[in-house]
Protein chains: 2
Amino acid sequence: MKLSDRKKQILKIVVNDYIKTAQPVSSKQISDKYMTDLSSATVRAELAQLEELGYLTHVHTSSGRVPSKDAYKLYVDELMSRGKLTVKELSFIKEQFRKQTSDIESVVKNTVKIISELTDYTSLAYSTMSKEDKILNVKIFRFKPTVALLLIVTENTLIRDKVIRIPEDMTDEEVENANEIINRMFTGKSFGEVLTYSDKIESEFIEFREIFERIIEVLEDYVSSSSGSLFLEGEDKIMNHPEYSDVEKVKNFLSVVNSKEKVVDLLGENKNNIEISIKIGSEDDSIPKDCSLVTASYSAGGVNIGSYGVIGPIRMDYQKVVSVLEGVGKILEEMLKDE
Amino acid sequence: MKLSDRKKQILKIVVNDYIKTAQPVSSKQISDKYMTDLSSATVRAELAQLEELGYLTHVHTSSGRVPSKDAYKLYVDELMSRGKLTVKELSFIKEQFRKQTSDIESVVKNTVKIISELTDYTSLAYSTMSKEDKILNVKIFRFKPTVALLLIVTENTLIRDKVIRIPEDMTDEEVENANEIINRMFTGKSFGEVLTYSDKIESEFIEFREIFERIIEVLEDYVSSSSGSLFLEGEDKIMNHPEYSDVEKVKNFLSVVNSKEKVVDLLGENKNNIEISIKIGSEDDSIPKDCSLVTASYSAGGVNIGSYGVIGPIRMDYQKVVSVLEGVGKILEEMLKDE
DNA sequence: ATTAGCACTCGGCTTTTTAGAGTGCTAACA
DNA sequence: TGTTAGCACTCTAAAAAGCCGAGTGCTAAT
């Protein structure tokens with residue numbers, strides 16, 4: 001059934017008001033505050049029908065209406081007016097980004113912080129570590145007889161470094177040598193490729209076997225499912241919202257959000273959308289019960305390299321969140337383009 | 001006034017029981033469960049006197065006794081029996097550490113995790129970035145025309161890396177050159193020294209001015225008060241304890257614990273003690289209200305390079321916490337010695 | 001010094017009461 | 001036919017009242 005314009009208008013009012021106040025909204029309020037030309041009785045009739053259609057719920061016989069998940073969905077798809085960031089917010093974002101140094105990691109880290117700050121929700125980002133990412137350069141930097149730092153630079157400007165052990169009896173030249181050979185072998189290849197051929201390659205360089213193994217280990221580690229960097233900010237922000245006035249719920253929320261695997265699961269899904277994606281409630285049940293997730297993804301050089309977003313109660317200020325994500329996203333893309 | 005042995009014994013019972021149950025403990029419970037040779041009336045008399053002396057409080061006229069801060073202090077200083085870790089726990093620790101790779105950062109990170117896991121409290125660690133730490137080696141690794149990775153290896157085996165920008169028109173040789181000169185200048189010097197002389201040095205190398213400035217920036221950044229790495233684990237564990245059944249309190253706790261500056265403040269203090277230090281309640285008021293902090297410090301090569309510990313409610317299982325910190329500490333020291 | 005006994009206190013729980021906000025329905029109205 | 005005033009009804013949230021019992025403090029006896 002198609003909703004009349006008036007029904008839509010009323011539904012929008014209900015959702016807006018409920019998002020703002022977290023209180024069930026009554027017919028009288030609507031008629032008084034938003035639709036002075038209509039009596040509460042008329043509104044009441046409309047509300048009853050909207051409820052019939054599944055967009056509203058009654059907490060109990062008396063006491064106003066609360067939006068259902070369907071209502072939220074309709075709201076974000078059709079009803080919600082797209083907000084713009086205020087000048088103040090925009091300049092705050094720019095201000096924050098200005099302090100920024102170069103590497104992607106810290107840019108993303110900062111982004112997450114800004115988003116959480118601006119929206120007052122828990123915010124998260126995930127940098128994909130894709131198997132397709134091509135290796136540009138591998139550098140073994142030995143800074144102690146038995147210890148070296150392994151640097152891997154990839155196409156997506158991702159740098160990974162990790163400490164590895166070096167056999168003590170290797171001379172610096174040998175290490176240098178190994179490095180060069182490895183570089184020749186790896187450069188231009190993707191993580192995936194390198195790992196696939198690792199057995200074959202390995203046999204060719206028995207002399208550097210040990211170093212080689214370490215490196216492969218590191219690579220495997222990076223590609224392994226839950227790798228990639230995860231950034232989380234404002235986990236505690238959830239407590240600023242009345243639906244989480246109960247410690248049990250907070251605990252549950254945090255246990256999900258603090259589990260890297262689960263979060264990666266959440267964020268991993270919307271690969272291709274540059275668009276903002278909104279998941280409401282247990283529309284998909286990986287999200288913690290009664291939560292919504294709003295995400296976008298960012299890319300460098302046209303390739304999707306991660307996603308970022310906000311997680312919070314279903315009664316979320318979608319308008320604000322979307323505008324913040326859009327605003328920040330634009331600036332973020334610019335920053336990454338520079339690299 | 002000196003406490004009789006019996007009073008001490010009773011006080012110990014009260015603290016132990018209260019730590020375990022979080023419930024005020026009554027004279028009857030004591031007489032029934034712990035001192036069957038004494039009647040509740042006698043115990044009652046003793047309790048009354050202990051209260052007189054300030055070790056116990058009455059929540060209200062009826063309903064049992066609760067330890068005061070003084071009681072906790074006495075408890076940890078004299079009364080508490082030192083616990084040993086169970087075999088199970090010990091093997092758990094070793095198991096966890098076995099997976100460990102080399103670098104300090106991840107060892108410490110792992111340590112924090114283990115502690116939090118084992119104690120069920122929020123656990124934290126802080127790696128000092130001291131001005132006295134001497135620079136062993138500086139390496140500029142240019143992996144893109146305008147971008148380089150700056151590595152700084154220090155005496156305490158700390159490695160810091162950071163991405164810096166390089167002027168595009170510098171040739172690789174020039175960068176190499178700059179690197180060498182900088183290395184000569186910096187090696188053997190402490191952060192503090194380098195920063196002090198930075199003005200003077202700078203004038204000598206106008207040609208490399210830009211790189212030089214970047215490096216100084218990075219150094220400054222590291223030395224700046226809130227630098228050093230902070231590790232936090234199990235922030236949510238606080239909610240497992242009944243005194244934090246109120247969201248407001250949790251919020252307050254988290255707001256302190258999530259603020260890097262504040263935590264660094266907390267941990268920064270007990271520099272010299274290898275010993276375990278226990279701070280109860282607002283004995284010192286930097287700690288979040290009604291919290292206790294148990295810390296120890298770790299060192300490498302005899303130098304103190306950080307501290308780690310546990311933060312939680314005053315009603316904390318000190319015995320368990322201390323034994324875990326000691327146990328983990330020993331293994332940690334060993335691991336770090338290997339480096 | 002210890003203990004049994006008893007009166008007394010007071011928090012926490014359950015129950016009752018009350019007030020008011022909101023609905024649904026109906027009948028009247030434009 | 002859509003809108004509205006009016007009213008009975010429902011249900012919650014908050015306050016008030018009542019009850020239970022755990023625990024204490026004190027006293028008098030052992």
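## Two protein chains and two DNA strands in a predicted model

Across the interface of chain B and chain A of this predicted model, the salt-bridge rule finds 0 pairs. Polar contacts, by contrast, are found there, with 2 residue pairs across the interface of chain B and chain A, both at pLDDT 80 or more. On the side of chain B that touches chain A, the elements that give two or more residues are strand 4 (135-144), strand 5 (147-154), strand 6 (159-165) and helix 10 (247-257) of chain B. Among these elements, strand 6 of chain B gives the most, with 6 residues. By class, this side of chain B is made up of 13 nonpolar, 7 polar and 11 charged residues. Charged residues are therefore present on the chain B side, although 0 salt bridges are found across the interface under a rule that asks for a side-chain nitrogen of Lys or Arg within 4 Å of a carboxyl oxygen of Asp or Glu.

The size of an interface is often given as the accessible area lost when the parts come together. For chain B and chain A, about 2800 Å² is buried between them, and 69% of that area lies on carbon and sulfur atoms. Phe141(B), Met239(B) and Val247(B) supply 19% of the area that chain B buries against chain A, more than any other three residues. In terms of residues, the contact takes 31 from chain B and 31 from chain A.

The two chains are related by symmetry: a rotation of 180° with 0.1 Å of shift along its axis superposes chain B on chain A, with an RMSD of 0.1 Å. Such a rotation is the relation of a two-fold axis. Val247(B), named above for its part in the buried area, is also the residue of chain B that comes closest to the rotation axis, its C-alpha lying at 2.9 Å. Because 100% of the interface residues of chain B are also interface residues in chain A, the copies meet through the same surface.

### The surface near DNA strand C

Around DNA strand C there are 20 residues, of which Ser27(A), Arg6(B), Ser39(B), Thr42(B) and Thr61(B) come nearest. Of the atoms of this strand that lie within 4 Å of the protein, 79% belong to sugar or phosphate, and the rest belong to bases. Both kinds of atom appear among the close pairs, since a base oxygen of DNA strand C is 3.3 Å from an N or O atom in the side chain of Arg44(B), whereas a polar side-chain atom of Thr61(B) lies 3.2 Å from a sugar or linking oxygen of the strand. The elements that give two or more residues to the surface near DNA strand C are helix 2 (27-34) of chain A together with helix 3 (40-52) of chain B. Helix 3 of chain B gives the most, with 3 residues, and by class the surface has 2 nonpolar, 13 polar and 5 charged residues.

### The surface near DNA strand D

DNA strand D is likewise surrounded by 20 residues, the closest being Arg6(A), Ser39(A), Thr42(A), Thr61(A) and Ser27(B). Sugar and phosphate account for 78% of the atoms of DNA strand D that come within 4 Å of the protein. Two or more residues of the surface near this strand come from helix 3 (40-52) of chain A, and two or more from helix 2 (27-34) of chain B. The largest share, 3 residues, comes from helix 3 of chain A, and the residues of the surface divide into 2 nonpolar, 13 polar and 5 charged.

The table gathers close pairs that involve a phosphate oxygen of either strand.

| Residue and atom | DNA atom | Distance |
|---|---|---|
| Asp37(B), polar backbone atom | phosphate oxygen of DNA strand C | 3.5 Å |
| Asp37(A), backbone N or O atom | phosphate oxygen of DNA strand D | 3.5 Å |
| Thr42(A), side-chain N or O atom | phosphate oxygen of DNA strand D | 2.6 Å |
| Ser27(B), polar side-chain atom | phosphate oxygen of DNA strand D | 2.7 Å |

### Salt bridges in the structure

Although none is found across the interface of chain B and chain A, the structure holds 26 salt bridges over all chains. One of them joins Lys28(A) to Asp32(A), with the closest N and O atoms 3.1 Å apart. Both residues lie in helix 2 of chain A, where Lys28(A) and Asp32(A) are 4 residues apart, about one turn of the helix. Helix 2 of chain A is also one of the elements that give two or more residues to the surface near DNA strand C.

Note on methods
Residues are numbered from 1 along each chain as its sequence is written. Chains are lettered from A and ligands numbered from 1 in the order in which they are written. This is a predicted model: local features need pLDDT of at least 70, side-chain atom pairs count only at pLDDT 80 or more; totals for chains, interfaces and linings use all residues. Side-chain values use heavy atoms; hydrogens and water are left out. Contact means heavy atoms within 4.5 Å. Buried area is the accessible area (1.4 Å probe) that two parts lose on being put together, summed over both. A polar contact is a pair of N or O atoms within 3.5 Å; within protein, one must be able to donate a hydrogen and the other to accept it, and residues adjacent in sequence count only if both atoms are side-chain atoms. Ala, Val, Leu, Ile, Met, Phe, Trp, Tyr, Cys and Pro count as nonpolar, Asp, Glu, Lys and Arg as charged, and the others, Gly among them, as polar. A residue is near a molecule or strand if one of its heavy atoms lies within 4 Å of it. Copies are superposed by least squares on the C-alpha atoms of residues with pLDDT of at least 70 in both.
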